[in-house]
Amino acid sequence: MFAPAANLRQASRLPALPRTVDRISASEFALLLACGALAAMAVCGLHLSFRVPGHAILRAVFPMAAGLAIVPRRA
């Protein structure tokens, strides 16, 4: 039903990390760990007062979404 486009992998602006095995590589793990640490530091150290209910989650969502976008886990 929702098949990805054939040229979707080549259309990325970021270079694909080499994947020879189905396991996670050290560079992928380091990138995910760095994005998680950035999200944790943003939650603990970044205090913006938007005065909108639920705005605190936005501090963590953007670094985590960036990590998932940079290191996609393809099936």
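A nonpolar patch on the surface of this predicted model is formed by Leu 46, Leu 48, Phe 50 and Val 52, and covers about 360 Å². One of these residues, Leu 46, sits in the loop that runs between helix H1 (26-45) and helix H2 (58-70). Leu 46 is classed as partly exposed because its relative accessibility is 39%, a value that falls between the 20% limit for buried residues and the 50% limit for exposed ones.

A look at the whole protein helps to place this patch. The secondary structure consists of 2 helices, with 0 strands. The accessible surface amounts to about 6400 Å², and carbon and sulfur atoms contribute 70% of that area. Of the 75 residues, 13% are counted as buried.

Val 71 offers a view of the buried side of the model. This residue lies in the segment after H2, and its relative accessible area is 3%, so Val 71 counts as buried. Beyond its neighbours up to four places away in sequence, Val 71 is in contact with Glu 28, Leu 31 and Leu 32. Glu 28 is 43 residues away from Val 71 along the chain, yet their C-alpha atoms are 6.1 Å apart in space.

Contacts across long stretches of sequence also appear in the totals for the protein: among contacts with a separation of 6 or more, 61% join residues 24 or more positions apart.

Terms used: Residues numbered from 1 in each chain as written. Predicted model: local features only at pLDDT ≥ 70, side-chain atom pairs only at ≥ 80, totals over all residues. Heavy atoms only, no water. Helix = DSSP H or I, 4+ residues; strand = E, 2+ residues; numbered from the N terminus. Buried < 20%, exposed > 50% of the residue type's maximum accessible area, 1.4 Å probe, protein only. Contact = heavy atoms within 4.5 Å. Areas by Shrake-Rupley, 256 points an atom, 1.4 Å probe, with all protein chains shown as cover. Patch = residues over 30% accessible without salt bridge, like charges linked within 9 Å, V, L, I, M, F, W, Y side chains within 5 Å. Salt bridge = Lys/Arg side-chain N within 4 Å of Asp/Glu carboxyl O.
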